[in-house]
Every structure is written in structure tokens, then in C-alpha cells.
Amino acid sequence: MAGLFTIPPVTRRCSHVWYRNLQVFFKTWKVNFFPPFIEAFLYLFAIGLGIGTYVREIDGIPYVNFIAPAILAISVMNSAFFECTYGSYVRMYYQKSFDAIIATPLSIEDVIAGELLWGATRSTMYVAIMLPVLAAFGVISLPLSLLAIPLAFFGGMLFAGIAMCFTAITPGIDTLNYPAFLFITPMMLFSGTFFPLSLLPEIFRYIALAALPLTHVVAIMRMLTLPALSLTGLLHLAWIGAVAFIVCVVSVNLMRRRLIV
Amino acid sequence: MKMIQCVSPRSGGSLSVFGMDPDLHPAEIKRRIGVVPQETNLDPDFTCENNLITYARYFDIPAPVAKERADELLAFVQLTEKRNVSIEKLSGGMKRRLILARALVNRPELLILDEPTIGLDPQARHLVWEKLRLLQAQGNTIVLTTHYLDEAARLCDRLVIMDGGKILVEGAPAEIVSQYASPEIVEVGKSERVIACLKEKGVPFEDAGDMVLVPTGSAQDLAQTLLERCHPEKLLTRPATLEDVFLKLTGRRLRD
């Protein structure tokens, strides 16, 4: 039995699973393209303009511009996380799709890899849809902000991998609410999203950097959209890359344990 | 079954499919196998036709070929007019037929079916049987599991009866019946009088609920004797079946 950290044998056939999900996505494109569009507006109006009227600016940056990258980073997190928890769980448990697919040359590793890639692709598409809205409001800088799109893919892999680990160990679909409310919601609030990390007591700042993956995505996203590039960006990127790789590997192995009996 | 399909790891012993080890060459083996699972796991997000086309893609079958085969297979299982219908709108029998079509999309050399007609009405069952016999006649190898022994008797050239993971008997259905059961059975309505009468005559019998089964070489003679001497309320004669063999070998106790 392969260990948790063994690199799983994934083949290019995983693209078939990715493509299957893409086809379903485009089949229901109206439902899928509308929310990110609306969500961008909602955040901008409620938090940017609403709270922004009182806050005005943070460290010399207009408040709307401060939260714009956080809006993008949160969508990266939400779209990959929810796709690879509830979405994957439904396909695995209720639709029995994974069982059907592993009767073909695809292995379970291929299937899970395809699901992870798909989760990251959703993040990428979400960001690509939101960017024009934010750009139209002039709250992000161009063209550097376009790099948010590839960043969304890497961040997406990170959250897809985390999500798939939960999906692999959850006893049922209801218990997926635990990570959704106890991990995702705090992360959305305390990752330097709507107020800078520096406001947190020092110890919590370190906890946030170590345990809340979103902080790293927000940090790079903000460097791109303000723009305010710095070398620490590379550290954040390395953190995302390393952790994304590890959680993806672990999630595939956990899923294998769950499904292969 | 799952081990042959390269889905479950081998629990022990040796296994070779097409001369290959499922642990080492799962993709190559699975490429040549078609599987009809017991559970209906069609893709609910697609229509009938797209289910087949999507499934063909998992086998790296190019799209134009997939389209062609989907047409052909939908016709084969008589679902052509349901081509653009979503899976939810199909009846149970239609779903089973579509799963059979799906299992054939890669032109498998070996077709594995796990209880292919479970829960089907008689018409649908007969249609599936007809298709399976057609595939059989074309020279396909079919491995199927079933609890319906009439199904096994109809379809199988070679049959293995298993219980608790052990092979009890093996052979052609007719041979197994003639080997393990007397040619004919007389079923007699159970009553104290009948049982006393049978015991008195020293005829071996088996208690089966409200009937008593009496195995015999010649049902006609025995029936006549019983009618004259034991005066049963009900009596019928029939040839022995696989079901008799199965119950004889595995017992009548419920197995949960």
C-alpha cells in the first residue's frame, strides 16, 4: 500500500476527467458565469464603497483598491474548495461517476488528478470573469493584474488539494460543513483580506502565515493589483507551490485509500 | 470480479487477465474489457448519446469513431430515439440497456456483467438476454454473475456455483443439474398425512415450506403412486432445475 506522500502514478488520461467537467460546466454556462460577475459587484459595493466610505484608505491605499485583490483571492479559494468538496463528493458518492470511470483505462489517481485540475481551472475562470469588472471600476492596475489569472491556477491547485483531502476523509456530505465553516470562513476574514495582517497581534500574524493558506494568495494578489512588487512575493509563491504539491499528493493517496477496497 | 477488472487489489493467489498481471498492466487490461456494473452509474449530466461518447473518450477513442459507435450501439440496444434524452428520464430497463451499450463502446474482448438484469421487468430482461446471446454468438467472451438461476441456465456455457467465496460445482448447466439433482421433482402439498405416508413408504423427501419435494427418476410413476396412496391436496411434477441444485448445495437457510 502506497504511503501518504508517495508520488501517485498519474497519466495524461486525467485530462479526460477534466474535459468531462468542463463540458458539463459549459452546458450550464449561464448558471456558472453569472455568479462571479455579480459577486464582484456585490463585494465592491458592500465592502468597497459601503465600508470604504468610513475607512477611506489603508496605508495610503484607497480601501476599494485594498480589498480588490482580496476579492479575487477569496474567489480562487471558494471556487476550487467548493468544487473539490461538495462537487467532487456528489460525483464520487451520489453519481458513482468515479466507479464508472475507473472501469476504463483511467486509474483512480487519474480521476482525482483530473478533479484537482478542474478545481483549479474553475478558480482561473472565476478570476478571469471578475477581472474585467474590477478593471472597469479602476481598482486594479493593468497589465500586471493579468498575472492574477495564472496565479489563480496555482492558488486553485492549493485549495483543490486541501478540499480533496477533506472529501477523502469526510464520513458524509454534511460533515463537509465543518471545513467550510471552521476553516474557509475564518480564512476569508483573517488572511489580510479586509484589513492588513499587521493589525493582528504578532503571534496570530505568524499563525495566519503558517496555517491560513489564503494569506499567501492575498499577499501576491495585492502585489500584482496595486501594484507593489517585492521579493517576499517569491517566498509566498514558493509556499503556495510547495504546499499545493504536498496537499495534492496526499489527497490523491487518501482518495485511493477511501475508494480502493 | 473487481480484481479481474483491475479495480480491487488482489487479495491472494495468482491472477492473470489476457496473460497480464492486473497489478502491473491495469490500463492495458481495462482497455480490452467491458464492464456492466450492478449499480447504475451512468453520468446524469449527459444525454444517452453523450454518455457513450464521453465514455469512449476515456478509452482514447477519437471523437468521430466514438460518434459512429454511439449510433451503432444505441441502435443495438434499441435506444436510438432516446439519443438526446437525459438519463433521469429513462426507465430502469432503458438504463440497464444503455449501460450494456456503454460497456461495448471499446469493442471489448471480455465482457463482465454483474447481475445485469437485476430489478428488470420480464420484457426488459428478455431483451437484455437476447442481446447477450447475440454477443455470445459473435464470439465474445462473457463473464456474468447472477442470483437468477434461470438466467444462468439460459445464458451460460460454463457455470460455477460459489458460496462463501468457495467454488462448490463447476460445469455446463445441464450437466450440473443431471449430476447433482435427480432428473425430475414431484412437489406435494404438505400435510401430516402426506409426510406420514412418505415416511411409511420410505421415500426420501425434502421439506420446503408448504410443499414437500420428492426427487425421482420418473415423475409420472411416483405421482401416480402418491396420488393413489397418500391422497395429497396438491401435486405437481417438474424437471429439476439449477435452483434445486443450488438450494441442495447451499441449504435453505437465509444467508445475510
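Two strands count as paired if DSSP finds at least two bridges between them. The exercises below apply to a predicted model.

**Exercise 1. Establish the order of the strands in the open sheet of chain B, and explain which strands stand at its edges.**

Step 1. The open sheet is built from 4 strands of chain B, which follow one another in the order S7-S8-S6-S9 with antiparallel pairing.

Step 2. Strand S7 (206-208) and strand S9 (235-239) of chain B each have a single partner strand, so one side of each is left without a neighbour in the sheet, and these two stand at the edges.

Step 3. From one strand to the next, the twist averages 30 degrees.

Step 4. At the S7 edge, S7(B) is joined to strand S8 (residues 211-216) of chain B in the antiparallel sense over 3 bridges, and Glu206(B) stands opposite Leu213(B) in S8(B).

Step 5. Helix H9 (residues 219-229) of chain B packs on this sheet, where it touches strand S6 (184-189), S8 and S9 of chain B, and its direction makes about 20 degrees with that of S6(B).

**Exercise 2. Determine how helix H6 (residues 148-169) and helix H9 (residues 214-225) of chain A are oriented towards each other, and describe their contact.**

Step 1. The two axes come within 11 Å and cross at roughly 175 degrees.

Step 2. Because angles over 145 degrees count as roughly antiparallel, H6(A) is roughly antiparallel to H9(A).

Step 3. On the side of H6(A), the contact is made by Ala148(A), Leu151(A) and Gly155(A), while H9(A) provides Val217(A), Ile220(A), Met221(A), Leu224(A) and Thr225(A).

Step 4. Sorted by class, this contact of H6(A) with H9(A) has 6 nonpolar and 2 polar residues, and no charged residues.

**Exercise 3. Decide whether Glu115(A) is buried or exposed, and describe its surroundings.**

Step 1. Glu115(A) is found in helix H5 (residues 108-136) of chain A.

Step 2. There are 30 other C-beta atoms within 10 Å of Glu115(A), and since a residue is buried if 20 or more lie within that distance, Glu115(A) is buried.

Step 3. Leaving aside residues up to four places away in sequence, Glu115(A) touches Val17(A), Cys84(A), Ser88(A) and Met164(A); Met164(A) is 49 residues from Glu115(A) along the chain, yet their C-alpha atoms are separated by 8.8 Å.

**Exercise 4. Describe what chain B brings to its contact with chain A.**

Step 1. The contact takes 20 residues from chain B and 17 residues from chain A.

Step 2. On the side of chain B, helix H1 (26-31) and helix H2 (48-58) each supply at least two residues.

Step 3. The residues of chain B that touch chain A divide into 10 nonpolar, 4 polar and 6 charged.

How values were computed
Residues numbered from 1 in each chain as written. Chains lettered and ligands numbered in written order. Predicted model: local features only at pLDDT ≥ 70, side-chain atom pairs only at ≥ 80, totals over all residues. Contact = placed C-beta atoms within 7 Å. Nonpolar A, V, L, I, M, F, W, Y, C, P; charged D, E, K, R; others polar. Axes fitted to C-alpha atoms, helices over the stretch in contact; angles between N-to-C directions. Parallel < 35°, antiparallel > 145°, perpendicular 65-115°, else oblique. Buried ≥ 20, exposed ≤ 12 C-beta atoms within 10 Å, placed from the backbone.
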